[in-house]
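Biologist: I would be grateful for a close look at a single helix and at the parts of the chain that surround it. Please set out the reasoning in a connected form.

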Amino acid sequence: MSDESHMRAALALAARGLGNTWPNPAVGCILLAANGRVVGRGWTQPGGRPHAERRALDQAGAAARGATAYVTLEPCAHHGHTPPCAEGLIAAGVARVVTALTDPDPRVAGRGHAMLRAAGIAVTEGICGPEARALNAGFLKRVEQGLPFVTLKLATTLDGRIATAGGESRWITAGQARRAVHAMRLAHDAVMVGAGTALADDPDLTVRDMGAAHQPLRIVLDSHLRHSPDSRLGRSARAVPVWMVHGPEAAAAARAAWAATGAEVIEIATTTGGSIDLRMALSALAARGLTRIFCEGGGTLAAGLIRAGLVDELAHLSAGCLIGAEGLPSLAGLGLQALSEAPRLRLIGVEAVGPDVLTRWAI
């Protein structure tokens, strides 16, 4: 098998960590002995440690000597909660290290590769780099731009409606699509909604019926903290973390009531229109360690994120039904004056999900 084949296998391992390694990246590692036998496999564990390399080395033991390590991101070179993985690979006696990406974290940024080469280990870089960058787009965006990667989910009828005129929306899509949404939640650090969705649906935003070992963080952008602390989110905040992002005008009593549920209450500046400044909010969430956020709307928040250029990927579930013009649209106004101003998206995936269709678009 080629270096590319082994690296793709390591990337498949890394994907298992998506959604539960933040603020660390999701990394995969495979150790291949000189005879072609895989002697160690590992991926970053929940909470970000142990790292993938450490897991693979512990599994391989003495068989790591003389092996080739395939790692989806440059091994770390700094002392943190654990010793550097570059040092671990050197001590284990691996003969060669193949990586997909250089780690942009200033504490690493080429130092891991240099450390390995200085120890006499052959290093090959850039194998399956584009695939690795796509997998860890959230970690990379947080380090390079100070923002999380945002996936916006829309579930609509064929004519772009999310509910009837009276607000009925359960269920536009079928059960298979809803299960797909739960799988997408699981691969993100957090699920985020606006105040309108929270008030209308009283959601719990958890992953259900999938045997999930962890739950994503839950975030509500609610400038005046109108959502009740006695809601599903408030009643479960100690079991699954809730972050309530609000503006400076939120009442002290509402802040205290939410804090009493165990939720974290985060103040963010508002715009002249009184809405939460979305760029500042996402920057604050990234500063707290979040790398991947799954936004489930509704239409006002979705449009705001698009207008601000803060959406990286759109996951659109389309159901084979029609509601008509009286139904509620999936997006609030984007303020366009001409067709040339409309965002143009790039199709990156199409999948039939039961009777519905999931399309994924890069923005």
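Modeller: The buried residues of helix H7 are Ala 177, Ala 180, Val 181, His 182, Met 184 and Arg 185. The model is a predicted one, and each value below is computed from it. Helix H7 covers residues 175–186, and its length can be checked: at 1.5 Å a residue, its 12 residues should span 16 Å, and the end C-alpha atoms lie 17 Å apart, which agrees.

The surroundings of the helix come next. Its buried residues pack against strands E6 (149–157), E8 (190–194), E12 (292–295), E13 (313–319), E15 (346–353) and E16 (356–362). A loop residue also has contacts here: Met 210 touches Arg 179, His 182 and Ala 183, leaving aside residues up to four places away in sequence. Of these, His 182 is among the buried residues of H7. Met 210 itself is placed in the loop between helix H8 (195–201) and strand E9 (217–221). With a relative accessibility of 29%, Met 210 counts as partly exposed, because this value falls between the limits of 20% and 50%. As for its distance from another part of the chain, Met 210 is 96 residues from Ile 306 in sequence, and their C-alpha atoms are 31 Å apart in space.

Two of the strands that pack against H7, E15 and E16, deserve separate attention. They run antiparallel and are joined by 7 bridges. One of the pairings places Arg 346 opposite Ala 362, its bridge partner in E16. The hairpin made by E15 and E16 has 2 residues between the strands, and Gly 354 takes a positive phi near 60 degrees there.

This hairpin also leads to the surface. Val 350 lies in strand E15, and its relative accessible area of 57% makes the residue exposed, because the limit for that class is 50%. Together with Leu 347 and Val 357, Val 350 forms a nonpolar surface patch that has about 250 Å² of accessible area in total. In a regular strand, side chains alternate between the two faces of the sheet.

Charged pairs give a further view of the same region. Arg 360 and Glu 313 form a salt bridge, with 2.9 Å between the closest N and O atoms. Since Arg 360 belongs to strand E16 and Glu 313 to strand E13, the pair ties together parts that are 47 residues apart in sequence. The two partners fall into separate accessibility classes: Arg 360, at 30%, counts as partly exposed, whereas Glu 313, at 13%, counts as buried. Salt bridges with shared partners also join Lys 153, Arg 185 and Glu 296 into one network; Arg 185 is one of the buried residues of H7.

These contacts belong to a total of 15 salt bridges found in a search of the whole structure. Among them is the pair Arg 54 and Asp 58, whose side chains meet at 3.1 Å, N to O. Both residues lie in helix H2 (residues 52–60), 4 residues apart, which is about one turn of the helix. Arg 54 counts as partly exposed at 36% relative accessibility, and Asp 58 counts as exposed at 53%. Another salt bridge joins Arg 107 to Asp 105, with the closest N and O atoms 2.7 Å apart. Here Asp 105 counts as buried, at 11% relative accessibility.

How values were computed: Residues are numbered from 1 along each chain as its sequence is written. This is a predicted model: local features need pLDDT of at least 70, side-chain atom pairs count only at pLDDT 80 or more; totals for chains, interfaces and linings use all residues. Side-chain values use heavy atoms; hydrogens and water are left out. The expected span of a helix is 1.5 Å times one less than its number of residues. Buried means under 20% relative accessible area, exposed over 50%, partly exposed in between (1.4 Å probe, protein chains only). Contact means heavy atoms within 4.5 Å. Patches are made of residues with over 30% relative accessible area and no salt bridge: like charges are joined within 9 Å, nonpolar side chains (Val, Leu, Ile, Met, Phe, Trp, Tyr) within 5 Å. Accessible areas come from the Shrake-Rupley method with a 1.4 Å probe; for residues, only the protein chains shown count as cover. A salt bridge is a side-chain nitrogen of Lys or Arg within 4 Å of a carboxyl oxygen of Asp or Glu. Two strands pair if DSSP finds at least two bridges between them.
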